[in-house]
Amino acid sequence: MQQQNSSSKPRSSAYLNVLSQQIQKRLQRAAASSSQRRNLLQELFADIALEVDDRAKGLILNREEHARSHSEYGINGPLSFYDVLADYYVRVPESGKPILHLIVQLWSQSFASHIFALLFHKWLFEFQMDNADVLLRYSSALVQGATNVFWIDIQSNTRRFQSLFQAQRDLYLLLSRFMFFYNSVGKLESFLKLCPAFSNAFFIGGPAEIVVIELADQLQKLKVEPVLLHYLSQIKFLQGLELRMATSTRLKTCLYSFTSPGGPMYPTRAVRHAAWDALDLLFPVGRYPRHIISLFFRLLYPWYWPSSCWNFIVSCVKAVFYTILRLIFSRFWKLREPKMA
């Protein structure tokens, strides 16, 4: 059985590679023929939107995948060629690069954004791009193409592109990770209301849980101190959210990992203090025991004592200095008040 499954994978990849080459040739013909360009692109769009027939399913999927293909690709709908091709370009991105290059050449043409949205909506969410202009161009094309194909479904009263609609879930997860950086977390309440339905919501919880889980994962990946400090300062907007115990513990553990020096996060002093502030704000219960436990563990590492003592002395000196300044200014203004009267 394992040998049969392993042999079907090269056959599936070979078949999808042939399909990619055919798509590439048809895009080349469209780029070369200005008079027939629109018709060629329209025909290509119609072909990749076709439902995969049983013969093609036998070449693409093994028996187990054939049985669960609707749940994995179609999401309560038929399995189309763009479903398997979009997944294929995530696994083998090199096969999609020539096609992507040709679509970019045909950006302004009708049905170019349609084809891009169908074939590369998964790839766009999986791969990071350093060029912000290119990412913006691809994102705009995805929005435009998705809007067009959704209107085709509405006008024909079909749900052929329902699986593309599920890409909004990936977009929601993406926004959950970056809205804290782009100062959009003030719109969190309205953002939670727009959360799409997730099939595993019974296990992971509602929209608030999804945002917090994505945020916790994002914090673990941040290495730039100013960015991490910004995230920790924006986390105050999570106050008041009703979370499951598992989600709450996950966020608490994530923040607690930034409160002590050393591995695995190696946070700076500023990050440690910001993490403590976020912990105390979001989880006030158990605040003092946490600090006592943290102090106890700090005492187990003598090499941190000099820096801790020095920072403590500096903090005390600053506190005393600012207290004296406040007293002096308060006395000064009290002495001036009778004269001004």
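Ser233 is placed in helix H14, which spans residues 225-234. The structure discussed here is a predicted model. Its contents are set out below by topic: contacts between residues far apart in sequence, helix packing, salt bridges, backbone conformation and a nonpolar surface patch.

**Contacts across the sequence**

- Ser233 has a relative accessibility of 37% and therefore counts as partly exposed.
- The C-alpha atom of Ser233 is separated by 7.4 Å from that of Ala278, although the two residues are 45 residues apart along the chain.
- Ser95 belongs to helix H6, and its relative accessible area of 16% classes it as buried, because buried means under 20%.
- Between Ser95 and Gln24 the C-alpha to C-alpha distance is 9.7 Å, while in sequence they are 71 residues apart.

**Helix packing**

- Helix H6 (residues 93-105) packs with helix H7 (residues 112-126) at an angle of about 155°, and their axes are 11 Å apart.
- H6 is therefore roughly antiparallel to H7, since angles over 145 degrees count as such.
- The crossing formed by H6 and H7 is left-handed.
- Helix H13 (residues 207-221) packs with helix H15 (residues 245-256) at an angle of about 20°, with 10 Å between their axes.
- This angle makes H13 roughly parallel to H15, the cut-off for that class being under 35 degrees.
- H13 and H15 also have a left-handed crossing.

**Salt bridges**

- Seven salt bridges are found in a search of the whole structure.
- Arg91 pairs with Asp87 in one salt bridge, in which the closest N and O atoms are 2.7 Å apart.
- Both Arg91 and Asp87 lie in helix H5 (residues 81-91), where a spacing of four residues places them about one turn of the helix apart.
- Arg91 is partly exposed, its relative accessible area being 44%.
- Asp217 forms a salt bridge with Arg250, and the closest N and O atoms of this pair are 3.1 Å apart.
- With Asp217 in helix H13 and Arg250 in helix H15, 33 residues apart, the salt bridge links distant parts of the chain.
- Asp217 counts as partly exposed at 24% relative accessibility, and Arg250 falls into the partly exposed class at 39%.
- A salt bridge also joins Asp280 to Arg290, with 3.4 Å between the closest N and O atoms.
- Asp280 is in helix H16 (residues 269-282) and Arg290 is in helix H17 (residues 287-299), so their pairing ties together parts that are ten residues apart in sequence.
- Asp280 and Arg290 are both buried.
- Salt bridges with shared partners connect Arg177, Glu214, Asp217 and Arg250 in one network.
- Two members of that network, Asp217 in H13 and Arg250 in H15, thus connect the helices that pack at about 20°.

**Backbone conformation**

- Most residues other than glycine have a negative phi.
- Phe111, which is not a glycine, has a positive phi of about 75°.
- Phe111 is located in the loop between H6 and H7, the helices that pack at an angle of about 155°.
- At 11% relative accessibility, Phe111 counts as buried.
- Asn157 also has a positive phi, near 55°, and is likewise a residue other than glycine.
- The loop between helix H8 (132-156) and helix H9 (162-165) contains Asn157.
- Asn157 has a relative accessible area of 64% and is therefore exposed, as the class begins over 50%.

**Nonpolar surface patch**

- A nonpolar patch of about 910 Å² on the surface is made by Val320, Phe321, Tyr322, Ile324, Leu325, Ile328, Phe329, Phe332 and Trp333.
- Tyr322, one of the residues that make the patch, lies in helix H18, which covers residues 305-340.
- The relative accessible area of Tyr322 is 46%, so Tyr322 is partly exposed.

Key: Residues numbered from 1 in each chain as written. Predicted model: local features only at pLDDT ≥ 70, side-chain atom pairs only at ≥ 80, totals over all residues. Heavy atoms only, no water. Patch = residues over 30% accessible without salt bridge, like charges linked within 9 Å, V, L, I, M, F, W, Y side chains within 5 Å. Areas by Shrake-Rupley, 256 points an atom, 1.4 Å probe, with all protein chains shown as cover. Salt bridge = Lys/Arg side-chain N within 4 Å of Asp/Glu carboxyl O. Buried < 20%, exposed > 50% of the residue type's maximum accessible area, 1.4 Å probe, protein only. Axes fitted to C-alpha atoms, helices over the stretch in contact; angles between N-to-C directions. Parallel < 35°, antiparallel > 145°, perpendicular 65-115°, else oblique. Left-handed = near helix turned anticlockwise from the far one by under 90°.
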